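Here's a quick tour of one structure, with an eye on empty space and charged pairs. Have the model open as you read.

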Amino acid sequence: IINMRWLKHGKIFDPTDYALPVGGFGFSQSPQALILEDRIRVYFSTREKDITGKFLSHVSFVDFDKKMKHIIGVAKKPVINLGQLGCFDEHGIFPFNILKEENKILAYTTGWSRRVSVSADASIGLAISYDNGLTFEKYGNGPIMSASLKEPFLVGDAFVKKYDNTFHMWYIYGTHWIQSKENTPPDRVYKIAHATSINAIDWDRNSKLIIPDKLDSNECQALPTVLKIREKYHMYFCYRPAYGFREKNHLSYRLGYAYSDDLKTWIRDDEKAGIDISSNGWDSEMQSYPHLFECDGIIYMLYNGNEFGRYGFGLATLVQQ
């Protein structure tokens, strides 16, 4: 019997309290953890406004002690540069997923760039750190996973884990754009898929949607995160309708949950997620961008609350499963 239950510890980081090296416009979206010897480093995407007044997404981090109770410090310099002119990550990197592998740290980036007919496109890039995650060098100027025959646009939100000498990636891709009514900008629809790799660079993907829709066929599913607990694999993600979510709180992102015995077939059961929005406060309107990790026997979930993480991220610990 699976019965996940989470204890919330509230918001633990507010980006507006710190002078981050780039950005300064708040936001700490998609917090993702790297466990180091003496600390837990949490990467996130913050924002700055460019000369045209549009947002750019940058990666920054905050360091916590190993019990996630005290902030030790924040990034003093940019973690990774945005892409060159015309590259897939020219206008931002969001999110930023981390994987320790031998003597280096791999980062799977979602680089995005603006489009004309629609708002943006995205692809997945790879960067490598040789200084314990302070800075990352891009593996190349192009992406390692991008639009393909069956995945036409918006490939992103990579989450990578290694099980039995195989790298597994859960990610999203766009299926179509939809207009809620005439003369409004089109909204994107995206779903979660799965790919595998032997070398963490070249990926085999079957372009199959692995999480069934709960709302309707225009449900948007984002940012999968997976953790093995006992003999089962548990996935959290966030979902929302394709449009209306910016104006109506009850249509904002919520956390979804699914489990699997074999990493291939997933059973969705949001009722057993064991976590929901609060009745008031920082996560009373929205929960989004979850990230699971384990440290010293404790299973943690980082996630964003209202306004897509504009004022920070929070923490929960698993008390029962």
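What follows is a short look at the cavity and the salt bridges in this predicted model.

## The cavity

There is 1 cavity of 30 Å³ or more here, and the space inside comes to about 40 Å³. Its lining is made up of Ile80, Phe88, Asp89, Thr109, Gly125, Leu126, Ala127, Lys138, Gly140 and Gly142. By type, that's 4 nonpolar, 4 polar and 2 charged residues. Strand E8 (residues 120–129) chips in the most, with 3 residues.

## A charged pair at the lining

Asp89 and Lys138 both line the cavity, and they also form a salt bridge, with the closest N and O atoms 2.7 Å apart. The pair links distant parts of the chain: Lys138 sits in strand E9 (residues 137–138), while Asp89 is in the loop between strands E5 (71–74) and E6 (92–101), 49 residues apart.

Asp89 counts as buried because its relative accessibility is 2%. Lys138, at 28%, counts as partly exposed.

## Other salt bridges

The structure has 19 salt bridges. One of them joins Lys191 to Asp213, again with 2.7 Å between the closest N and O atoms. Lys191 belongs to strand E12 (residues 187–197), and Asp213 to the loop between strands E13 (204–205) and E14 (220–229), 22 residues apart. Here the lysine is the buried partner: Lys191 has 4% relative accessibility, whereas Asp213 is partly exposed at 36%.

Glu307 and Arg310 pair up too, at 3.7 Å. Glu307 is partly exposed at 37%, and Arg310 is partly exposed at 27%. Elsewhere, shared partners tie Asp38, Arg39, Arg41 and Asp63 into one salt-bridge network.

Terms used:
Residues are numbered from 1 along each chain as its sequence is written. This is a predicted model: local features need pLDDT of at least 70, side-chain atom pairs count only at pLDDT 80 or more; totals for chains, interfaces and linings use all residues. Side-chain values use heavy atoms; hydrogens and water are left out. On a 1 Å grid over the protein atoms alone, a cavity is a set of points where a 1.4 Å probe fits but cannot get out, and a pocket is an open set with protein on both sides within 12 Å along at least five of seven lines; lining residues have an atom within 4 Å of a point. Grid points are joined across faces, edges and corners, and a volume is the space filled by probe spheres set on the points. Helices (H or I, at least four residues) and strands (E, at least two) are DSSP runs, numbered from the N terminus. Ala, Val, Leu, Ile, Met, Phe, Trp, Tyr, Cys and Pro count as nonpolar, Asp, Glu, Lys and Arg as charged, and the others, Gly among them, as polar. A salt bridge is a side-chain nitrogen of Lys or Arg within 4 Å of a carboxyl oxygen of Asp or Glu. Buried means under 20% relative accessible area, exposed over 50%, partly exposed in between (1.4 Å probe, protein chains only).
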